Amino acid sequence: MRLGMNRVLSEQSCQVVGQEDRPSAIIGAAHRLHPDIVVLDLDGGSSNELAQLVRGASPETTVVLWAREEDLMEVLEPASGASRLVSAPIVERLRGELSRQHVHE
């Protein structure tokens with residue numbers, strides 16, 4: 001899965017600055033690196049709680065929650081604090097969100 005994700009990110013001219021498995025490491029990396037976007041796997045169980053912790057560690061970061069087996073992705077916007085649902089094939093959803101990030105920079 002990570003190889004595919006890295007390929008999609010590379011195609012969008014994005015630089016991957018971290019790949020963490022443990023929630024504490026994800027939060028620490030967000031705090032240290034202040035990335036534009038953090039993608040969390042909804043299949044991991046407590047992703048919504050982790051998303052809020054990531055937002056607390058790096059409030060300017062967009063958090064994307066996605067599930068590999070579904071056609072829906074939740075995006076937590078940094079400025080408004082609101083979330084929105086995006087429905088499309090997984091790769092197209094992610095590419096769209098990455099493109100939105102480049103437009104906002």
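## How α2 and α3 pack

In this predicted model, the axes of α2 and α3 sit 8 Å apart, and the two helices pack at an angle of about 25°. Angles under 35 degrees count as roughly parallel, so α2 runs roughly parallel to α3. As for handedness, α2 passes α3 in a right-handed crossing.

Which residues make the contact between α2 and α3? On the α2 side you'll find Pro23, Ile26, Ile27, Ala30 and His31, while α3 brings in Leu50, Leu53, Val54 and Ala57. Sorted by type, the residues of this contact come out as 8 nonpolar, 1 polar and no charged.

## The largest nonpolar core

Now for the core. The largest nonpolar one has 11 residues: Ile26, Ala30, Val38, Leu40, Leu50, Ala51, Val54, Ala57, Val63, Leu65 and Leu76. Two or more of these residues come from each of α2 (23–33), β1 (37–41), α3 (47–57) and β2 (62–66). The largest share is that of α3, with 4 residues.

It's a familiar theme: in soluble globular proteins, nonpolar side chains tend to be buried together.

## Val54 and its neighbours

What does Val54 touch, leaving aside residues up to four places away in sequence? Its partners are Ile26, Ile27, Ala30, Val38 and Val63. Val54 belongs to the largest nonpolar core, and it is also one of the α3 residues in the contact with α2.

## A second core

Apart from the largest core lies another, made of 9 residues. Among them are Val64, Val75, Val86 and Leu98.

Definitions and conventions: Residues numbered from 1 in each chain as written. Predicted model: local features only at pLDDT ≥ 70, side-chain atom pairs only at ≥ 80, totals over all residues. Heavy atoms only, no water. Core = buried A, V, L, I, M, F, W, Y, C linked by side-chain atoms within 4.5 Å. Buried < 20%, exposed > 50% of the residue type's maximum accessible area, 1.4 Å probe, protein only. Contact = heavy atoms within 4.5 Å. Axes fitted to C-alpha atoms, helices over the stretch in contact; angles between N-to-C directions. Parallel < 35°, antiparallel > 145°, perpendicular 65-115°, else oblique. Left-handed = near helix turned anticlockwise from the far one by under 90°. Nonpolar A, V, L, I, M, F, W, Y, C, P; charged D, E, K, R; others polar.
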